Amino acid sequence: MISDEVYKELKRLKKPGESFSDVIKKLLNSRKGGLLELAGSGTITEGGAKLLEEYRHTCFMMDIERLRRIMEG
């Protein structure tokens with residue numbers, strides 16, 4: 001679970017047509033700032049961090065699968 005403060009910030013960053021997952025993925029892939037900078041701030045719980053880790057792994061595996069399909073033609 002994320003705090004109300006983080007939810008409001010994600011909502012502010014979310015563009016029309018984007019999902020919250022899209023915003024989180026952009027932040028995770030960003031080199032300038034992002035969710036990783038919040039570690040230890042108390043904003044993201046241990047459970048929330050675990051969910052983000054699982055989400056990132058899922059996205060990575062989906063990218064690998066997409067690459068395999070493209071390479072197979």
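This briefing walks through a buried glutamate and some salt bridges in the structure above. The model is predicted, so local features need pLDDT of at least 70, side-chain atom pairs count only at pLDDT 80 or more, and totals for chains, interfaces and linings use all residues. Residues are numbered from 1 along each chain as its sequence is written, and side-chain values use heavy atoms, leaving out hydrogens and water.

**Meet Glu-18**

- You will find Glu-18 in the loop between helix 1 and helix 2 (20–29); helices here are DSSP runs of H or I with at least four residues, numbered from the N terminus.
- Glu-18 counts as buried because its relative accessibility is 17%, where buried means under 20% relative accessible area, exposed over 50% and partly exposed in between, using a 1.4 Å probe and protein chains only.
- Setting aside neighbours within four places in sequence, Glu-18 is in contact with Leu-13, Val-23 and Lys-26 (contact means heavy atoms within 4.5 Å).

**Salt bridges**

- The whole structure holds 4 salt bridges, each a side-chain nitrogen of Lys or Arg within 4 Å of a carboxyl oxygen of Asp or Glu.
- One of them joins Glu-18 to Lys-26, with the closest N and O atoms 2.8 Å apart; Lys-26 is partly exposed at 40% relative accessibility.
- Another links the side chains of Arg-12 and Glu-9 at 2.5 Å, N to O.
- Arg-12 and Glu-9 are separated by about one helical turn, because they sit 3 residues apart in helix 1.
- Arg-12 is exposed at 58% relative accessible area, while Glu-9 is partly exposed at 36%.

Key: Helices (H or I, at least four residues) and strands (E, at least two) are DSSP runs, numbered from the N terminus.
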